[in-house]
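Good morning, and thank you for making time for this presentation. Please have the sequence and the structure open as I speak.

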Amino acid sequence: MKTVLEGSHAVSEAVRMARIQVMSAYPITPQTHIVEALSEYVAEGRMDARFICVESEHSAMAAVIGAASGGVRTFTATSSHGLALMHELLHWSSAARLPIVMAEVNRALGPGWNIWMDQTDSLAQRDTGWIQLYVEDAQEALDTTLQGFHLAESINLPVMVVLDAFFLSHTYEPVDLPEQADVDRFLPALKPRIRLDTRTPFAMSQMAPPGVYMEMRRDIQSAMERAPDHFARTEVAFEKVFGRRYGAVEAVACEDAEVILVMTGTAASTCRQVVEDLRSEGEKIGMLKLKMFRPFPVNAIRKLLGDARKVAVVDRNFSFGASGIFAQEIRAALCNHPNHPPVFGYIAGLGGRDITPDTLKEIYRMTRDTDHPQAESVWVGLTTEKESR
Amino acid sequence: MQEIRFHGRGGQGTVMASIILAKAFFKAGYYVQTFPVFGVERRGAPVEAYLRLDRKKVLVRSNVYTPDHVVVQDAKLLQTVDVARGLKPGGWLLLNSAEFPRSPDFSEFQVAVVDANRIGLDLGLGSRTQPIINTAVIGAFARILDMPPLKAIGEAIEGEIPVKQKENREAAERAYQAVRIRGD
């Protein structure tokens, strides 16, 4: 059934229909609407689940780690400082191989205090062993949340579904709301591989001395290496029931493109319009939408970008002392590909600043008219020093 | 694609007006996208919301800078906010007011007024000092644009507003009749 939903509530609906059994969360803008709706569903008896109220995000993740260790389907959601506070337990949950799903609404870190869109919060968690999937609209947020459980449970790694603050979380748009029976068909009850049970007690997450630790790390990486295939299988199963699929990456008009923009999140949606507009004017622009960030889909990227003319990565994030984070990863993926294209890095839209069609057209033109990158990153749309005083 | 910008004050149901209108347009077969200007809103502070509608999927997800139409829920905002900023010449400016605006007179635009405060008060919506006006404003908007159908507006109101549904529908219907267009 098609209905107009807020992006946050598209996630809440997916979590409700996934029949999760335990969730725990601490409110933080712009994530709050997701768990607000879920707490209402639990209070009204629309969900047969426990909502564990806690005093911090650190405890929220600890609570779902405990529940997931007991073999039940779990969920949490957070943003920005809340995610940063979870950091220790993000490592814990992936190393314990728990299939937790989290919705993470991208928000800037302070100070200066800022509640708006910025990807640095989630990208700063790139080494924690979580699968990260970025979405561009409310339908994809709903679908990817459902897929997240399927994927997490197939390889025992936690999945982070990442969505833009406000441009997605607080935006209402038409969403095809699945039927519960279809969701049940796609996502049957969890059959846990690991399950603490008082009737057959054992200890988990024990001391791992040098003789075993490295193999455990390697096992996590093996699971990560299998994740793209597992995700493809998840998508096949999803498409069979719902008729939609997204891909870990998606190439739009890339075949003959002179410049390919690499995009994530809602800016990828805006870029689709820009590709349509500029193509109608005869400009050879393409877009590569990156949905999966961890594991980084290196093979797909080499295939799609390895022989491109020019690549322009638009980063709504920044790693101080280096460059945009997606640009770093794209460069690393391409550097061993013979004759790889120059990779231009652009920083745009930090802290909720808008990325408009004109922003992307400017990025396209700058790339088209420059032979080689003049800097690791070009910051787009800064006010001049004089204006900002 | 058409873009509409709403101006109001925190507590006036500005975002809700935009959502109800979006749902009514959706019922009438449009693709819609609506979102508030994201701030840390306080009661009484100026707020804005945007609505995009099209016959096909709306891809652009940035803010609205050059709206086709503007809705102003509080006439006093004209003193402090440039409500016509970016408004396309010939676009509608709908104002909740008993009188047409004199300064600025918005001569480049089509101007309509509706006394939504009076309609809200007459129907006992909200309090005497703070009547509910958003459902009346939506009704007036549907009249000047000749869409979405009043029936879709009524259904959307019932879907979104849990209290005084009959009165709120009535407010939209009365405003639909009462809205005045400059030059008519």
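**Two cis prolines, chain B and its contact**

Let me begin in chain A, where Pro30(A) sits in the loop that joins β2 (22-25) to α2 (32-43). Helices here are DSSP runs of H or I with at least four residues, strands are runs of E with at least two, and both are numbered from the N terminus. The bond that leads into this proline, from Thr29(A) to Pro30(A), is cis, with omega near 5°. A second cis peptide bond links Gly110(A) to Pro111(A), with omega near -10°. Pro111(A) belongs to the loop between β5 (101-106) and α5 (120-123) of chain A.

A word on conventions. This is a predicted model, in which local features need pLDDT of at least 70 and side-chain atom pairs count only at pLDDT 80 or more, while totals for chains, interfaces and linings use all residues; side-chain values use heavy atoms, with hydrogens and water left out. Residues are numbered from 1 along each chain as its sequence is written, and chains are lettered from A and ligands numbered from 1 in the order in which they are written.

Staying with chain A, I turn to Leu38(A), in helix α2. Is this residue buried or exposed? Its relative accessibility is 0%, so Leu38(A) counts as buried; the term means under 20% relative accessible area, with exposed over 50% and partly exposed in between, for a 1.4 Å probe and protein chains only. Leaving aside residues up to four places away in sequence, Leu38(A) touches Ser12(A), Val15(A), Arg16(A), Met23(A), Met47(A) and Phe75(A), where contact means heavy atoms within 4.5 Å.

Now to chain B. Five helices and seven strands make up its secondary structure, in the order β-α-β-β-β-β-β-α-α-α-α-β from the N terminus. Its radius of gyration is 15 Å, close to the 16 Å that the globule rule gives for 184 residues, so chain B is as compact as a globular protein of that length. That radius is taken over C-alpha atoms, and the rule is 2.2 Å times the number of residues to the power 0.38. Of the 184 residues in chain B, 55% are buried. Among contacts in chain B with a separation of 6 or more, 60% come from residues 24 or more positions apart.

Two residues of chain B deserve attention for their backbone angles. Most residues other than glycine have a negative phi, and most peptide bonds are trans. Phe106(B), however, has a positive phi, near 55°, and lies in the loop between β5 (92-96) and β6 (110-114). With 8% relative accessibility, Phe106(B) counts as buried. Lys164(B) also has a positive phi, near 45°, in the loop between α4 (150-160) and α5 (165-178). At 43% relative accessibility, Lys164(B) counts as partly exposed.

Finally, the interface. How many residues does each chain bring to the contact? Chain B gives 18 and chain A gives 25. The area buried between the two chains is about 2,100 Å², with carbon and sulfur atoms giving 62% of it; buried area is the accessible area, with a 1.4 Å probe, that two parts lose on being put together, summed over both. Phe38(B), Leu59(B) and Arg61(B) supply 38% of the area that chain B buries against chain A, more than any other three residues.
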